[in-house]
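Got the model open in your viewer? Set it to cartoon, keep the selection box handy, and follow along stop by stop.

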Amino acid sequence: MADISVTAANVIASSSAIVDRERRAGATITAGQAVYLDTSTATYKLIDSNAAATGNELATQKGIALSGAASGQPIAVVLSDT
């Protein structure tokens with residue numbers, strides 16, 4: 001099956017979305033990519049859906065990046081949306 005193609009400019013949250021804007025990126029992230037909260041660094045990092053999940057990925061909140069960011073920059077992540 002082919003990968004899903006996401007256009008970063010088209011990633012938009014609804015008015016009822018729950019968005020985390022309090023954290024920083026722990027890697028270079030593009031809007032629309034799946035992320036997890038790395039609790040050891042309190043930063044969002046990319047989820048590799050093809051790799052075996054570590055305990056850290058399984059135990060933390062996951063979401064979709066609403067904005068792009070380089071490592072260390074602030075990032076907005078949608079945690080829940082209709």
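Start with everything selected: of the 82 residues in the chain, 27% are buried, where buried means under 20% relative accessible area, exposed means over 50%, and partly exposed is in between (1.4 Å probe, protein chains only). This is a predicted model, in which local features need pLDDT of at least 70 and side-chain atom pairs count only at pLDDT 80 or more, while totals for chains, interfaces and linings use all residues. Residues are numbered from 1 along each chain as its sequence is written, and side-chain values use heavy atoms, with hydrogens and water left out.

**Colour by confidence**

Now colour by pLDDT, the predictor's confidence in each residue, from 0 to 100. The chain average is 87, and 82% of the residues score at least 70. Among the elements, β5 has the highest mean, 96, and helix α1 (residues 55–59) the lowest, 58.

**Cartoon view**

Follow the chain from its start and you'll read β-β-β-α-β-β, that is, one helix and five strands. Helices here are DSSP runs of H or I with at least four residues, strands are runs of E with at least two, and both are numbered from the N terminus. While you're zoomed out: of the contacts with a separation of 6 or more, 56% are between residues 24 or more positions apart. Contact means heavy atoms within 4.5 Å.

**Around the barrel**

In what order do the five strands close into a barrel? Go round as β1-β3-β2-β4-β5, with mixed pairing. Neighbouring strands of this sheet are turned by 55° against each other on average, direction ignored; the axes are lines fitted to C-alpha atoms, for helices over the stretch in contact, and angles run from 0 to 180 degrees between N-to-C directions.

Select β1 (residues 18–25) together with β5: these two run antiparallel and are joined by five bridges. (Strands count as paired if DSSP finds at least two bridges between them.) Asp 20 has Val 77 as its bridge partner in β5.

Swap β5 for β3 and you get a parallel pair, with two bridges between β1 and β3. Look for Arg 24 opposite Thr 43, and for Ala 25, whose bridge partner in β3 is Tyr 44.

Next, β2 with β3: antiparallel, four bridges, with Val 35 opposite Leu 46. Then move to β4 (residues 62–65), which pairs with β5 in the antiparallel sense over two bridges. Here Ile 64 stands opposite Val 78.

**The β2–β3 hairpin**

Select Ala 42, in the loop between β2 and β3 (43–46). The hairpin has four residues between the strands, and Ala 42 takes a positive phi near 55° there. Most residues other than glycine have a negative phi. Ala 42 is partly exposed, at 35% relative accessible area.

**Ala 34 and its neighbours**

Click on Ala 34 in strand β2; this residue is partly exposed, with a relative accessible area of 33%. Leaving out residues up to four places away in sequence, Ala 34 touches Lys 45, Leu 46, Ile 47, Gly 63 and Ile 64. Draw a distance line from Ala 34 to Lys 45, 11 residues apart along the chain, and their C-alpha atoms are separated by 8.5 Å.

**Two salt bridges**

The count of salt bridges is two, each being a side-chain nitrogen of Lys or Arg within 4 Å of a carboxyl oxygen of Asp or Glu.

- Lys 45 and Asp 38: the closest N and O atoms are 2.8 Å apart. Lys 45 is partly exposed at 23%, whereas Asp 38 is buried at 5% relative accessibility.
- Arg 23 and Asp 20: the closest N and O atoms are 3.7 Å apart. Arg 23 is partly exposed at 31%, whereas Asp 20 is buried at 11%.

**Last stop: the core**

Which residues make up the largest nonpolar core? Select Ala 25, Ile 29, Val 35, Leu 37, Tyr 44, Ala 65, Ala 69, Ile 75 and Val 77, nine residues in total. The elements that give two or more residues to this core are β2 (34–38) and β5 (74–80). By definition, a nonpolar core is a set of buried Ala, Val, Leu, Ile, Met, Phe, Trp, Tyr and Cys residues joined through side-chain atoms within 4.5 Å. In soluble globular proteins, nonpolar side chains tend to be buried together.
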